[in-house]
Amino acid sequence: MNRAGVLVKADYAWQRQITGRGIGIAVLDTGIYPHTDFGKRIVYFQDFVYHRHGLYDDCGHGTHIAGIAAGDGSMGGNRGIAPGASIIACKVLDYSGNGSVETIIKGLEWVIRNKETYQIRVVNISVGTIAKGEEDEECELVRAVNKVWDAGLVVCVAAGNNGPDPYSITMPGISRKVITVGSSDDNEAVEVSGRTISDYSGRGPSYSCIIKPDLVAPGSNIYSCQAKRQGFRSGRNGYIAKSGTSMSTPMVSGAVALLLSKEPSLTNGEVKRRLCESASDLGWESCRQGFGMLNIENLLKYRSHK
């Protein structure tokens, strides 16, 4: 994960003992494997797909996402962004990484009901569907993430891998409320969903002319925790590389957990403003980078201009 200085900036927090402790990150994905890097910080697991009990991830995507946000590197890999944060894993996607809107909404509704119980302050959604037109801003999935935002939680959503054309941000990333995250290094040719692509990060604006993404973070060849499952070969000592804006999003979710552990009274609106105002301008058009590249050191030092 040491890409474009993001982990170097994350070390700024680590050296100051800012780890995300006390902050719960809800990861709505394919589940979670009890990887050594999570220790005892997986505080709850709910399976909305198969209704099974016990931690598992039959795809590996959710475990990888959780490791980027909050792995602690105990098994010998890179630390995640917020290695002290708690993880609340909601399985809303199946073994192939697919899922229904209805199931995702059930997970989001559960998060709202249980946010106080599990100290959930951040929600990571590294999944999306293609936005087909202006009316999609009023679709069920966008309304559902807006409700989570209105409940006071910070919602971080992937921009999707359908770039580089304009209007290619996936739902629910077209929401004007949530924090939509693109990839800062999508110029690299990488394998995503079994095909080799580049310039994949979803580009804005939305069909409602909202600037998206809000910011970008590394997403290409990101090493993180690997789930063990039948027929699944071991990766690099329990770690594996994956690519896409799915990987960019938990970097921002982890950074938000760091900020909230340092300044717990911040509202989600204040967090979003701090993220955008502290980002590093890459010199790209706003429909590609939003406000720029995630800069964790700036984020934790920054004082907003009100």
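**Exercise 1.** Work out how strand 4 and strand 6 (residues 154-158) are joined, and which residue stands opposite I125.

*Solution.* Keep in mind that this is a predicted model. Step one: look at the pairing, where four bridges link strand 4 with strand 6, and the two run parallel. Step two: pick out a facing pair, and you'll find I125 opposite V157 in strand 6.

**Exercise 2.** Now go to strand 1 (residues 24-29): how many bridges join it to strand 4, and what stands opposite A26?

*Solution.* Count the bridges and you get five, with strand 1 and strand 4 running parallel. Then check A26: its partner across the way is V123 in strand 4.

**Exercise 3.** Say why strand 4 (residues 120-125) is largely enclosed by the rest of the structure.

*Solution.* Start with the cut-off: a residue is buried when its relative accessible area is under 20%. Five of the six residues in strand 4 pass that test, so the strand is largely enclosed. For the chain as a whole, 59% of the 306 residues are buried.

**Exercise 4.** Test whether the radius of gyration agrees or disagrees with a compact globule.

*Solution.* First, the expectation: 306 residues in a compact globule would give a value near 19 Å. Next, the model: the chain has 17 Å, which agrees. The C-alpha trace spans about 45 × 40 × 40 Å along its principal axes. Finally, take the contacts with a separation of 6 or more: 77% of them are between residues 24 or more positions apart.

**Exercise 5.** Find how far apart the centres of the positive and negative side chains lie.

*Solution.* Tally the charges: 34 positive and 31 negative side chains. The centres of these two sets are 7 Å apart.

Methods. Residues numbered from 1 in each chain as written. Predicted model: local features only at pLDDT ≥ 70, side-chain atom pairs only at ≥ 80, totals over all residues. Heavy atoms only, no water. Rg over C-alpha atoms; globule rule 2.2 N^0.38 Å. Buried < 20%, exposed > 50% of the residue type's maximum accessible area, 1.4 Å probe, protein only. Contact = heavy atoms within 4.5 Å. Lys, Arg positive; Asp, Glu negative; His and termini not counted. Charge placed at Lys NZ, Arg CZ, Asp CG, Glu CD. Pairing = 2+ DSSP bridges.
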